[in-house]
Amino acid sequence: MSTVHVLHVDTPAMPRGASIVGALYSAFTSLFRSAPAQPVSRAEEAQAVREMARSLMNTDPSFAADLFAAAARHEGLDD
C-alpha cells in the first residue's frame, strides 16, 4: 500500500497598501491616455497611403504601385 502526501499552501493575503497603489496607478495612467482620434475621410486616408507610396517609390517600386492601386480602390468605395 502506498500513500500520497499533498502539500497545501494557503493563499497569501494581499500586501498592505496594494489597493491604494492600484488606485493611484490607474489615476496616474489616465492622465496620459490620448484623446480619441478624429475620424478621417476616405480621401484623407488615401492621400496618406499615396504619400507612403511616394516615399517607397525609389526603394520598392512594385510595392509602391500596389499602394497607389490600393489607395485608388479605397477612395473609390464611396462611389
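**Notebook: helices H2 and H3**

I began with H3, which has 15 residues and reaches 21 Å from its first C-alpha to its last, close to the 21 Å expected at 1.5 Å a residue. I note here that the model is predicted.

Next I looked up which residues of H3 are buried, and found Ala64, Leu67 and Ala71. They cover an arc of only 55° around the axis, so they sit on the same side of H3. This fits the general rule: an α-helix has 3.6 residues a turn, so residues three or four places apart point the same way. I then turned to the face of H3 directed away from the buried side, where I found the exposed residues Ser62 and Arg73.

What do the buried residues of H3 pack against? I traced their packing to H2.

I moved to H2, which runs over residues 42–56. Its 15 residues should span 21 Å at 1.5 Å a residue, and I found its end C-alpha atoms 21 Å apart, which agrees. For buried residues in H2, I listed Ala46, Arg50 and Ala53. Seen down the axis of H2, the buried residues fall within an arc of 60°, so they line one face of the helix. I checked what covers them, and the cover includes helix H3, residues 61–75.

Arg50 got an entry of its own. Is Arg50, in helix H2, buried or exposed? I read a relative accessible area of 16% for Arg50, and the cut-off for buried is under 20%, so Arg50 counts as buried. I then listed its contacts, leaving aside neighbours within four places in sequence: Phe68, Ala71, Ala72 and Glu75. One of these contacts, Ala71, is also on my list of buried residues in H3.

I went back along the chain to the loop between H1 and H2, where Ser34 is placed. Its relative accessible area is 67%, and the cut-off for exposed is over 50%, so I entered Ser34 as exposed. I also took a distance from Ser34 to Pro12: the two are 22 residues apart in sequence and 37 Å apart in space, C-alpha to C-alpha.

My last entry is on the surface. Which residues make the nonpolar surface patch of about 390 Å²? I found Phe28, Leu31 and Phe32. Of Phe28 I noted that it lies in helix H1, which covers residues 18–30.

Note on methods
Residues numbered from 1 in each chain as written. Predicted model: local features only at pLDDT ≥ 70, side-chain atom pairs only at ≥ 80, totals over all residues. Heavy atoms only, no water. Patch = residues over 30% accessible without salt bridge, like charges linked within 9 Å, V, L, I, M, F, W, Y side chains within 5 Å. Areas by Shrake-Rupley, 256 points an atom, 1.4 Å probe, with all protein chains shown as cover. Salt bridge = Lys/Arg side-chain N within 4 Å of Asp/Glu carboxyl O. Helix = DSSP H or I, 4+ residues; strand = E, 2+ residues; numbered from the N terminus. Buried < 20%, exposed > 50% of the residue type's maximum accessible area, 1.4 Å probe, protein only. Contact = heavy atoms within 4.5 Å. Expected span 1.5 Å × (residues − 1). Arc of directions from axis to C-beta.
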